[in-house]
Every structure is written in C-alpha cells, then in structure tokens.
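Work through these exercises with the model open. Each task is followed by its solution, one step at a time.

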Amino acid sequence: MATQAISVDTLPSYNPATGEVVENISATHPEDLPAILASAKAAQEKWRETAIVDRCALLDRLRQIMLAARNDLAAIVVRESGKPHVEALFSDVFVSLDTAAYYAKNLPKLLRTERVPHHSSAAKLKSGRISYEPFGVIGIISSWNYPLAIPMGQIIAAIAAGNSVVCKTSDFTPKCGALIQEMFARVGFPDSLVNIVQGGAEIGQALIDARPDKILFTGSVATGRRVAESCARNLTPSVLELGGKDAMLVLADANLDVASSAALWGSFTNCGQVCLSVERLFVERGASEKFIALCVEKTKTLRLGPGSNPTTDVGPLIRPQHVQRMKDLLADAVSRGARILCGGNARPDLGACFFEPTVIADVNSSMGLFQGETFGPILAVQTVANSEEAIRTANDSPFALAASVWTADDERGRQIAARLRAGAVMVNDAISYFAIAEAPHGGCNASGWGRTHGRAGFLEMVQPKYVDVDGLAGKEKPWWYHYNGSLTHAADDFLNFEFGGLSAKLKYARGALKTFFRNHGFKKRPS
Ligand code: NAD
C-alpha cells in the first residue's frame, strides 16, 4: 500500500490468555494523519469512478482470500482478544466474509438510481431521481472486542459505496489491524483506498482533527461523547455505535431448556465482552425457579481456558483490570441483597485475565450490575411478577441497543418487541442478528445514533442526491415574480384544489389551472 505511516513507536500485541507480549506493531504518528487523509482523498476520487462491477469483483476476491486464510485470521483474533477459536470463526471471520459476499452480490441493487414518484400535482410534470454518492473519506474508529468483524463490516460497506477509508483499529488489537491492512493490499484494491492507522486515543483524535467526511465510531459511551463533541466542532457527521445493557425477557411459556442455554451463551460469549451481551435477564415468576436452576446447572459445565484450546467455552477477559471490575460489581450486588449461585471468582491459577462464568440472582436496578455495562461473564437475573413488569424494567435504562424475548407465542413476542426501546429485538434468539447482513444494527440514547449493517447502514455511507428534470422546459413557472392580486387569488384556488376534498377539487380546478397559464409579462416593466 502507498500509505505507509512513519513508525515512531510500537504497540504491543498482548495475549490475554498468557499475559505475553507476542509481537510489537508499528504505531502511527499523529502528525502523519493529514497526509494519510490527503492520499485517501486522492485515491477516493479515482475509486468513485470505478465501475460497480469492478468493485464487486474486488470484493469477491477479498471474500476468496479471507476464506482461504480463515483459520489464520481466527488464530490472530484468538491470540489478541482471547475468545475461543470457534467463536472467532462464527463471529469475526463469518461477519467479514458475509459482508464481502453481500456487497459483491447486492451492490448494483443498493446503488441503483431510484425514480421518485411525485404526489403533488404541482410536481407531476417533473421527473425526479435519487442517486447515491459517496461521502469521500470515511474515518472509522473501532473497539477491540470484535477486532475483525466490526472494522471489516464497516470498511467493506464504505468502500463498496465509493468511499476511501482511514480506520483506527484498537490499540488492544494492533495485530488484527495490521492483518486488515495486509488483506486489502493482497486483494489488489488501489493504494491508499484502505488505510489502517495504529495507536490509542491520540490517533483517534488526530483522525477526527484531520477532518474526514464522516466518522464511524464504535466504543464506549464515555469515548463516544468525546468523539461526538470533536465531530460537532468540525460539523463532521458521525455514527456512534456505543454500549448496550441488553435485556432478555423470559416469559413463563418459553421453552426453558432452550432459553437457559441461550442465556448462558448470550451472557458469556466472548467472555461477556459484547455490546449485545445479555446484561439484564428478567424471568417471569412462574418459570423463575426452574429457569435459574437450569442456568446454574449448565454454567457449571462450562470450561474456562485459553481460546486456542478447542474445548474451551469461555476465554479470558481482555486485561487484568477487568477482573477487578467483575469482583467490584459482584461485591456491590451482594451487599445489596443479590445471591451468587455459581462462579464469582477470579482464576489466577489460569492467568491474570480469567474470571469464572457467574450466575447471580435477585439483582435489581439499585445495583451497579444493572446500571452501567458489565462487559464480563456475569449472568444477572431478576425475577419479575409478569411481562408488564419485565417490559417496564427493561425500558428503564439509559441504554437502548437490543433485547430479546423468549416465548412459545410468536405473536406475543412481536407485541412485546414493539414495546421495548431498542434498535433490534430478537424473539427466541439473542445477539445473532449482528451477523445478518440485511439487519440494521445500532441504538439510541446512551447506545448512540445511526446504523451500521443492512440498507440503513449502507445509507450512512452515501449522500442521496436528488436530480430533477422539468417536463415543461419551455414554460416559465407561475411563481416566478411579477406577483399581483390575480396570482394571489389563483394561489388560493390552487391550495383549495390541492388539499380540499372532492367537491373543492371540482370547484377550484379552473382557478387553480390559471396559475399554470399566467403571463408573467417579463418583457414589459410591471405597472
Ligand atoms: P473505547 O471507547 O475505550 O475505545 C474505542 C476506540 O476509541 C478505540 O480505538 C480507542 O483507541 C479510541 N479512542 C479512545 N479515546 C479516543 C478519543 N479521545 N478520540 C478518538 N478515539 C478514541 O472502547 P473499547 O473498550 O475499545 O470497546 C468497548 C466498548 O465498545 C463497549 O462499551 C462496547 O459496548 C462498545 N461496543 C459497541 C458496539 C456497537 O456496535 N454498539 C460494538 C462493539 C463494542
């Protein structure tokens, strides 16, 4: 790739399972960002002219290269993020492959110019079309928890739309960032079209300050607020994919065996470090005892260990300080009346980042566990009287990312989904919609704004442009000056005709038509 940042420093690629620094990766110097942006801009100006069929061919080649390298990619994800290898395949690698496949196939349809039918009779003789133009350079700032799936999903959508990208991957996962850079180079995308910059907050800030045409940010609420403020100063539009506190509602008629397995996976996958983790579980009293017993029994069977071991179910947390946070959250909850039913301990015998998958009952909104993001392997349960209480309590949170409802009655599930404040609700499944290319992802309130994925996510990558061709090119418009009393009268008739009922249409049609056939008298001076 042409864009080679000058290395002034390195970032450690740290393995959370072993505590080892496995490799050092070159960091980008903040002062290089303006030049990187300028190269990306130049690359984008050519790329936007590249035929859609040629963009699709490159995306398909990217798919082929990633598919061939799938296990190597997964191994690096495991080494830097700690998750089990199978989770890296099902999440990071799957989403990257599927996004490439989706755009390679659907890009022509997504970018097709749309005809705009006009409902107003004043515009009937105009032909309107909307085309979708790229923004220019999209700045992407990513989190570490899905170090391939999140940046790859966003980069692919951005370049498919005709943008170039400067992406700051997380300083916790620099090797994954370097891999992404390598893959785009191997496919043969133009130089400087996809630029990975490496570093921490200072590089994220320098990227925003270099004024890309849009910022896509994925990360915590606290950083998101800073990013939104910096973007606002430059009037840079942004998408903010922030934290979640997703609720899982288990109704008494649910299949409790299935729902309890889902609760485990929803709370413990990626060691609970998922924006879409099940962080608040509400179970109806009628099913509570049996459901909680199943959760405890199944949690005890899970194997904690390094993600590189094929039989590991739950890997380590990302850094040792996150272990202390789990201890603090549990201590707070217990001091307020919650009960730990299994797990609840750090496992220094396995490594500094290991914490047991934990089930804790009698949790409520007074406890830290039900307030901020937990981002760890804790299944926190509250028993509720009924679904009304579950809906009310689920909605009582500053976060609004996603939720799930578990019931034997699909229609009831849909009705409850409609009442939950969230960007997505799954009935009888959790989290997996993130891997459905057509499903929009994103939330509101503390969970951020805008969308990634799906058509709504694609529309974040483009600017709609409306082009209008007039059908009466040889005629002056009635509203073009030399106003007078008869035009005022005709305008009044026109409004009655356009917005009145049928009898008004008949009564005012003639007067309204007059507006169209007026003589402006531009050739002579108005009296
Ligand atoms: P983080 O906020 O610490 O960091 C996110 C990114 O922002 C990193 O690349 C970081 O280096 C960068 N950054 C930090 N300070 C910055 C600044 N001042 N200016 C610009 N960039 C800056 O988050 P994290 O720990 O990497 O990720 C975990 C968080 O991300 C959780 O809250 C999780 O819920 C959220 N997340 C959300 C989604 C989603 O789609 N909604 C997906 C994954 C993760």
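**Exercise 1. Follow the long antiparallel pairing.**

Task: which residue is the bridge partner of Ser-131 in E20?

Solution. In E20, Ser-131 has Lys-465 as its bridge partner. Next, place the strands: E20 covers residues 462-470 and is joined to E4 by nine bridges, the two running antiparallel. Strands here (E, at least two residues) and helices (H or I, at least four) are DSSP runs, numbered from the N terminus. Two strands pair if DSSP finds at least two bridges between them. Now turn to strand E3 (residues 114-116), which runs antiparallel to strand E4 (residues 126-134) and is joined to E4 by three bridges. In that pairing, Arg-115 stands opposite Arg-129 in E4.

A note on the model before going on. This is a predicted model, in which local features need pLDDT of at least 70 and side-chain atom pairs count only at pLDDT 80 or more, while totals for chains, interfaces and linings use all residues. Residues are numbered from 1 along each chain as its sequence is written, and side-chain values use heavy atoms, with hydrogens and water left out.

**Exercise 2. Order the six-stranded sheet.**

Task: what is the strand order of the open sheet of six strands?

Solution. The order reads E7-E6-E5-E8-E9-E19, and the pairing is mixed. Find the edges: strand E7 (194-198) and strand E19 (448-449) each have a single partner strand, so one side of each lacks a neighbour in the sheet. Then check one pair inside the order. Strand E5 (residues 137-141) and strand E8 (residues 214-218) are parallel, with four bridges. Gly-139 has Ile-215 of E8 as its bridge partner.

Finally, add the helices. Helix H1 (residues 33-47) lies across E5, strand E6 (164-169) and E7, at about 145° to E6. H6 lies across E6 and E7, at about 160° to E7. Such angles run from 0 to 180 degrees between N-to-C directions; axes are lines fitted to C-alpha atoms, for helices over the stretch in contact.

**Exercise 3. Describe a helix pair.**

Task: at what angle do helix H5 and helix H6 pack?

Solution. Helix H5 (residues 149-160) and helix H6 (residues 174-187) pack at about 35°, and their axes are 11 Å apart. The crossing of H5 past H6 is right-handed; that is, the near helix is turned clockwise from the far one by less than a right angle. List the contact, meaning heavy atoms within 4.5 Å. H5 contributes Pro-151, Met-152, Ile-155, Ile-156 and Ile-159, and H6 contributes Ile-180, Met-183 and Phe-184. Classify these residues: eight are nonpolar, none polar and none charged. Nonpolar covers Ala, Val, Leu, Ile, Met, Phe, Trp, Tyr, Cys and Pro; charged covers Asp, Glu, Lys and Arg; the others, Gly among them, are polar.

**Exercise 4. Map the seven-stranded sheet.**

Task: which strands are the edge strands of the sheet?

Solution. Start with the order of this open, mixed sheet: E12-E13-E14-E11-E10-E16-E17. The edges are strand E12 (339-342) and strand E17 (424-427), each pairing on one side only. From one strand to the next, the twist averages 25°. Strand E16 (residues 402-406) pairs with E17 in the parallel sense over four bridges, and Ala-402 has Ala-424 of E17 as its bridge partner.

Helix H9 (residues 256-268) packs on this sheet, and its direction makes about 135° with that of E14. Helix H12 (residues 387-395) lies across E10, E11 and E14, at about 160° to E11.

**Exercise 5. Inspect the largest pocket.**

Task: which residues lie nearest the centre of the largest pocket?

Solution. Of the 37 lining residues, Phe-217, Thr-218, Gly-219, Ser-220 and Thr-223 lie nearest the centre. A pocket is an open set of points on a 1 Å grid over the protein atoms alone, with protein on both sides within 12 Å along at least five of seven lines; lining residues have an atom within 4 Å of a point. The largest pocket holds about 870 Å³ of space. Here volume is the space filled by probe spheres set on the points, which are joined across faces, edges and corners. H7 gives the most to the lining, four residues. By class, the lining has 13 nonpolar, 18 polar and six charged residues.

Technical notes: 1 Å grid on protein atoms, 1.4 Å probe; cavity = no way out; pocket = protein on both sides within 12 Å on 5 of 7 lines; lining within 4 Å.
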